[in-house]
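Please open the model in your viewer and keep the selection panel at hand, since this tour proceeds by one selection after another.

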Amino acid sequence: MIPAVMPTYARADIVFERGEGVYLYATDGRRYLDFGAGVAVNSLGHAHPHLVGALKAQAEKLWHCSNLYRVAGQEKVARRLIENSFADTVFFCNSGAEAMEGVIKVMRKYHHAAGNPQRNRIIVAEGAFHGRTLATLAAGGQAKHLKGFDPMMEGFDRVAFGNLNELRNAVGPATAGILVEPIQGEGGIRPASMDYLRGLRTVADEFGLLLGFDEVQTGNGRTGKLFAYEWAGITPDVMGTAKGLGGGFPVGAILATAKAASGMTAGTHGSTFGGNPLAMAVVDAVLDLLLADGFLEHVRQMGKLLWDELGKLVDRHPAKIAERRGAGLMLGLKCRMPNADLVKAAMDGGLLLVAAGDNTVRLVPPLIVEPTHIAEAVEVLDRSLAQLAA
Ligand SMILES: *Cc1c(COP(=O)(O)O)cnc(C)c1O
């Protein structure tokens with residue numbers, strides 16, 4: 001018999017009933033230190049009073065009115081995102097895949113509106129993940145995600161992640177743009193080098209392509225900058241973000257320059273729920289905290305501390321951990337034993353982690369994490385690694 005909830009996930013047998021800060025409380029009474037943060041979503045931890053207050057206040061006034069009317073919250077949040085990014089304009093949606101689907105549409109439409117409809121192909125990277133809709137699955141190109149869902153959507157050309165020569169050679173008369181994650185998340189916390197990101201900008205400019213970034217996971221303070229592209233000192237033309245943007249409220253956004261969005265006129269794109277007043281009230285509150293003086297500096301400091309501690313773990317358990325990688329509070333341990341075993345052992349020890357591709361375990365704690373939490377997590381990891389077979 002099929003479960004009532006369609007069994008598309010291999011779920012851990014835990015039910016959480018409450019969260020507070022970096023801790024989650026399960027129905028069996030156990031407390032867990034949450035270094036998975038709902039897959040890099042609960043950027044401000046659980047039940048943050050500022051977010052709860054914003055959601056409650058908005059809930060008393062207006063939940064939804066559709067995009068047939070102006071939405072004050074969208075105008076405010078869009079202005080704040082624009083002031084703090086490369087973007088001139090923002091489209092709100094409800095998830096990461098939807099944001100990336102929109103990024104793909106913006107890229108194609110730009111060339112169509114510029115009189116070059118033949119330029120409709122996008123260069124993407126091996127190991128990428130852009131979501132589970134049909135277009136984003138095709139962009140990600142992971143065989144395990146695509147199996148059984150043929151025909152695959154056309155329009156993507158794949159190159160090795162990090163190889164500029166290969167990328168340059170893939171550019172042709174039908175190329176519309178380039179789409180990459182500054183750090184591949186689901187692919188296993190694989191950071192692009194700064195030179196690679198700058199090189200992508202150069203190639204895009206040279207061939208008149210749009211440079212698109214997927215900052216669904218890297219965005220919203222996760223790497224210690226509001227957006228990860230800032231580390232490279234370049235800007236994309238269009239970008240999708242989601243995960244941490246709503247701190248747990250489902251919301252995504254497409255950010256674009258005026259030029260990139262020049263084809264996105266009335267009627268070209270839409271979403272019934274996208275950017276509804278509830279979502280916008282929460283994002284506004286998330287931005288209050290992310291943009292507060294010293295907050296991103298705190299993320300960088302905690303990231304450095306965790307990075308250093310992970311280095312010691314790698315040294316202590318060389319037969320089980322190959323390396324640490326990532327940036328800010330988006331860190332990964334590349335395992336030599338099955339990553340799922342470490343996730344399981346840590347969970348038994350009261351620490352939540354997330355597995356990723358390339359046999360990696362992700363550490364993506366809430367950005368409000370403090371040194372005591374990092375020490376607690378590292379202790380559980382150390383104990384888990386010691387008890388696991390190599
Ligand atoms: C999670 C993720 C997505 C998909 O987001 P959903 O909200 O699950 O649709 C897309 N791109 C990246 C880089 C992600 O990490």
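The tour of this predicted model begins at the ligand and then turns to a loop residue.

Start by selecting the ligand together with the residues around it, which are S95, G96, A97, F129, H130, G131, E181, E186, D214, V216, Q217 and K243. If you colour this shell by class, you will find three nonpolar, five polar and four charged residues.

Next, display the backbone atoms of G96, A97 and F129, which belong to that shell. At G96, a backbone N or O atom lies 2.8 Å from an oxygen atom of the ligand, and at A97 a polar backbone atom is 2.7 Å from an oxygen atom of the ligand. At F129, by contrast, the ligand atom to pick is a nitrogen, which lies 3.3 Å from a backbone N or O atom of that residue. With a surface switched on, consider that the ligand on its own has 380 Å² of accessible area, of which the protein covers 81%.

Now leave the ligand and select V171, which sits in the loop that runs between helix 7 (164–170) and strand 7 (175–180). Is V171 buried or exposed? Its relative accessible area is 16%, so V171 counts as buried, the cut-off being under 20%.

To see what V171 touches, show I123, V203, F207 and L209, which are its contacts once neighbours within four places in sequence are left aside. Finally, draw a C-alpha to C-alpha distance from V171 to A160: these two residues are eleven apart in sequence, and the distance between them in space is 14 Å.

Notes:
Residues are numbered from 1 along each chain as its sequence is written. This is a predicted model: local features need pLDDT of at least 70, side-chain atom pairs count only at pLDDT 80 or more; totals for chains, interfaces and linings use all residues. Side-chain values use heavy atoms; hydrogens and water are left out. A residue is near a molecule or strand if one of its heavy atoms lies within 4 Å of it. A polar contact is a pair of N or O atoms within 3.5 Å; within protein, one must be able to donate a hydrogen and the other to accept it, and residues adjacent in sequence count only if both atoms are side-chain atoms. Accessible areas come from the Shrake-Rupley method with a 1.4 Å probe; for residues, only the protein chains shown count as cover. Ala, Val, Leu, Ile, Met, Phe, Trp, Tyr, Cys and Pro count as nonpolar, Asp, Glu, Lys and Arg as charged, and the others, Gly among them, as polar. Helices (H or I, at least four residues) and strands (E, at least two) are DSSP runs, numbered from the N terminus. Buried means under 20% relative accessible area, exposed over 50%, partly exposed in between (1.4 Å probe, protein chains only). Contact means heavy atoms within 4.5 Å.
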